[in-house]
Amino acid sequence: MSEGFDDFARKQEQEKQDKEQLARDAMSEWEIVLKGFVSQFAADVKGIGADRFQWEPYPSQRSASLVLGNMAATLYDSGERNGMPLRCHVLFDRRPLGPNKVWADPESPIAPKIWSLEPTVENGEFLWLVKERNLKVSSAKLADEIARELGERHIALQKAYEKWGL
C-alpha cells in the first residue's frame with residue numbers, strides 16, 4: 001500500500017528539519033560532544049590494568065588523541081565548510097611520540113585502523129555513521145566504541161611486544 005499525501009508531507013518536513021539540525025549542530029557535536037565524551041575516559045581515570053587513559057588535544061592540528069599505553073585513538077578532520085566538519089576520522093595506531101623521538105621498531109606489530117565518520121540526523125536524533133563498521137550510533141555510544149576498540153588494540157599490542165620480549 002502506498003503512503004498517503006499526509007504521510008508524504010510529514011516525511012518531507014521531517015527530512016527538512018533533520019537537514020537544518022545537521023547544519024546547525026554538526027560542528028559542535030564533533031568538537032564538543034563527541035570529543036567531550038571520549039576525553040571523559042581520561043577524566044574519569046579509567047583504564048586497563050595499570051594503564052590509564054590520557055587525553056591529548058592538538059588544537060592547531062585539528063585533532064585530539066585518547067591514549068592508552070602505547071596505543072592511541074586520534075580524532076581528526078580536514079577543516080569545515082559552512083559549519084560542517086569535513087572528513088571526520090578516528091585513527092587507531094601507536095601513540096604519537098613527542099618531538100625528536102622515534103619508535104625503536106618503525107613498523108607497529110598492530111596495523112593501523114581508520115574509521116570514517118559521517119554525521120547525520122534521523123528523526124531529530126544526531127548520529128554518527130561509522131562506514132567501516134556499518135554502524136550508526138549516538139556520540140555517547142561512539143565514544144564508548146572508540147574506547148573499547150582502543151582497549152582491544154592496547155591489549156593486542158602488549159601481547160605482540162611480549163612475544164618479541166619487549
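Buried residues (under 20% relative accessible area, with exposed over 50% and partly exposed in between, 1.4 Å probe, protein chains only) make up 37% of the 166 residues in this chain. The model is predicted, so local features need pLDDT of at least 70, side-chain atom pairs count only at pLDDT 80 or more, and totals for chains, interfaces and linings use all residues. Numbering runs from 1 along each chain as its sequence is written, and side-chain values use heavy atoms, with hydrogens and water left out.

**Exercise 1. Work out which elements supply the largest nonpolar core.**

Step 1: Get the layout. The chain has two helices and ten strands (DSSP runs numbered from the N terminus: helices are H or I, at least four residues; strands are E, at least two). Along the sequence the pattern reads α-β-β-β-β-β-β-β-β-β-β-α.

Step 2: Find the core, meaning buried Ala, Val, Leu, Ile, Met, Phe, Trp, Tyr and Cys residues joined through side-chain atoms within 4.5 Å. The largest one has 32 residues, and L34, L117, L142 and I146 have the most contacts inside it.

Step 3: Assign the suppliers. At least two core residues come from each of α1 (5-43), β3 (63-68), β4 (71-76), β7 (88-94), β8 (113-122), β9 (125-130) and α2 (139-164). Helix α1 gives the largest share, eight residues.

Step 4: Zoom in on L117. Skipping neighbours within four places in sequence, its contacts (heavy atoms within 4.5 Å) include W30, L34, C88, W128 and L142.

**Exercise 2. Trace the salt bridges made by E149 and E145.**

Step 1: Set the criterion: a side-chain nitrogen of Lys or Arg within 4 Å of a carboxyl oxygen of Asp or Glu. The structure holds nine such salt bridges.

Step 2: Take E149. Its partner is K113, with the closest N and O atoms 2.9 Å apart. This pair links distant parts of the chain, helix α2 and strand β8, 36 residues apart. E149 is buried at 7% relative accessible area, while K113 is partly exposed at 33%.

Step 3: Take E145, which pairs with R133 at 2.8 Å between the closest N and O atoms. E145 sits in α2 and R133 in the loop between β9 and β10 (135-137), so the bridge ties together parts twelve residues apart in sequence.

Step 4: Add R148. It also bridges E145 (2.9 Å, N to O), this time within α2, three residues apart, about one turn of the helix. Through shared partners, R133, K141, E145, R148 and E152 form one network.

**Exercise 3. Decide whether R153 is buried or exposed, and list what it touches.**

Step 1: Locate R153: helix α2.

Step 2: Check accessibility. At 8%, R153 counts as buried.

Step 3: List the contacts. Not counting residues up to four places away in sequence, R153 touches M71, F92, I110, A111, P112 and K113.
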